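Here is a note to read beside the coordinates. The points go from ring pairs to the sheet, then to the helices around the sheet.

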Amino acid sequence: VIDNLSTRFIDKATEGEPLTVETADSTFEETSYLVHPVLPLGLPTVIYGDGASGKTMTAILLGILASTGKSLPEVGLRLQFRGSVLYLDYEGNRDVFSRRLTRLSKGLGVDPVIHYLRCSIPLMQDLKRISRAVMEVDPILIIVDSAALAALPGTREPLDMAKSVFAPLSQLGRTSLIIAHTPKDKDSVYGSIFFRNLARSVWY
């Protein structure tokens, strides 16, 4: 059943959306946030920085907030929605992740449930397995750790490298948080500047 639903889900996503006519009088909704002001609902966010600067801990923290519905007004983080979280880990392992999750959760006094998936091949090539997890978990937030390892290797064009991460996430249709690194001595995203350009919210 999950295989069938995954196939139908991907087929539907590749159809695209219908043509619409927009005018100055068209109605629209203001931007909603999963976690205000960091994670716009249904759109990709990139958090990037130097090694050991706290990117993964911040991502796990945001996942905890999304899972539990807890806000942190003292640091300006306000929850507007709540739901399950899917963590795609390309860098670490379950023990490292669980240790960080446990320590943060105890510090906050909450009991989150985060679905963890260890990944070893690029996101686009692993989309069927990840789609099955999305169908099963129905996450409101997908966290990708990290961009360079989730991208297709050997991609010559920087735009294609970034698209190999953003395109499948767009098909999954969820709020996403992508962790990225910086190259040495540069204020940019390692691998492709388009990781920053294609995101709808960017935090350094």
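**Notes on the predicted model**

1. Tyr48 counts as buried, because its relative accessibility is 4% and the cut-off for buried is under 20%. This is a predicted model, and the remarks below should be read with that in mind.

2. The structure holds 5 aromatic pairs. In one of them, Tyr48 and Tyr204 sit 4.9 Å apart, centre to centre, with 45 degrees between the planes, and the pair is tilted. The pair links distant parts of the chain: Tyr48 belongs to strand E3 (residues 44-49) and Tyr204 to the segment after strand E9 (201-203), 156 residues apart. Tyr204 is exposed, as its relative accessible area is 59%, whereas Tyr48 is buried.

3. Another tilted aromatic pair is formed by Phe97 and Tyr116, with 5.0 Å from centre to centre and 35 degrees between the planes. Here too the pair links distant parts of the chain, with Phe97 in helix H3 (residues 94-108) and Tyr116 in strand E6 (residues 114-118), 19 residues apart. Phe97 has a relative accessibility of 5% and therefore counts as buried. Tyr116, at 21%, counts as partly exposed; the cut-off for buried is under 20%. Through ring pairs, Tyr87 joins Phe97 and Tyr116 in a cluster.

4. What is the order of the strands in the open sheet of 6 strands? The order is E6-E5-E7-E8-E3-E9, and the pairing is parallel. E6 and E9 are the edge strands, each pairing on one side only. From one strand to the next, the twist averages 15 degrees. Strands of a sheet pair through backbone hydrogen bonds, in either a parallel or an antiparallel sense.

5. At the E9 edge, E3 and E9 run parallel and are joined by 3 bridges. Val46 stands opposite Val202 in E9. At the other edge, E5 and E6 pair in the parallel sense over 5 bridges. The bridge partner of Tyr87 in E6 is Tyr116, and these two residues are also linked with Phe97 in the ring cluster.

6. Why is E5 described as largely enclosed by the rest of the structure? The reason is that 5 of its 5 residues are buried. Val85, Tyr87 and Asp89 point one way from E5, while Leu86 and Leu88 point the other way, and all are buried.

7. Leu141 lies in strand E7. Its relative accessibility is 0%, so Leu141 counts as buried. Leaving out residues up to four places away in sequence, Leu141 touches Leu34, Leu39, Leu62, Gly63, Ala66, Ser84, Val85, Leu86, Thr175, Ser176 and Leu177. Among these contacts, Val85 and Leu86 are residues of E5, and Leu62, Gly63 and Ala66 are buried residues of H2. Val96 is 45 residues from Leu141 along the chain, and their C-alpha atoms are separated by 20 Å.

8. Helix H2 (residues 55-68) lies across E3, strand E5 (85-89), E6, strand E7 (141-145) and strand E8 (175-181), and runs at about 170 degrees to E8. H2 is mostly covered, with 12 of its 14 residues buried; including Lys55, Thr56, Ala59 and Ile60. At 1.5 Å a residue, its 14 residues should span 20 Å, and the end C-alpha atoms are 20 Å apart, which agrees. Gly69 follows H2 and has a positive phi, near 80 degrees.

9. The same check on helix H1 (residues 2-15) also agrees: its 14 residues should span 20 Å at 1.5 Å a residue, and its end C-alpha atoms are 20 Å apart. H1 is followed by Gly16, whose phi is positive, near 80 degrees.

10. H3 lies across E5 and E6 and runs at about 155 degrees to E6. Helix H4 (residues 127-137) packs with helix H6 (residues 158-172) at an angle of about 30 degrees, and their axes are 11 Å apart. The crossing of H4 and H6 is right-handed. Leu127, Ile130, Ser131 and Val134 of H4 make the contact with Pro168, Gln171 and Leu172 of H6.

Technical notes: Residues are numbered from 1 along each chain as its sequence is written. This is a predicted model: local features need pLDDT of at least 70, side-chain atom pairs count only at pLDDT 80 or more; totals for chains, interfaces and linings use all residues. Side-chain values use heavy atoms; hydrogens and water are left out. Helices (H or I, at least four residues) and strands (E, at least two) are DSSP runs, numbered from the N terminus. The expected span of a helix is 1.5 Å times one less than its number of residues. Rings of Phe, Tyr and Trp (its six-membered ring) pair if their centres lie within 6.5 Å; planes under 30 degrees apart count as stacked, over 60 as edge-to-face and the rest as tilted. Buried means under 20% relative accessible area, exposed over 50%, partly exposed in between (1.4 Å probe, protein chains only). Two strands pair if DSSP finds at least two bridges between them. Axes are lines fitted to C-alpha atoms, for helices over the stretch in contact, and angles run from 0 to 180 degrees between N-to-C directions. Contact means heavy atoms within 4.5 Å. A crossing is left-handed if the near helix is turned anticlockwise from the far one by less than a right angle, and right-handed if clockwise.
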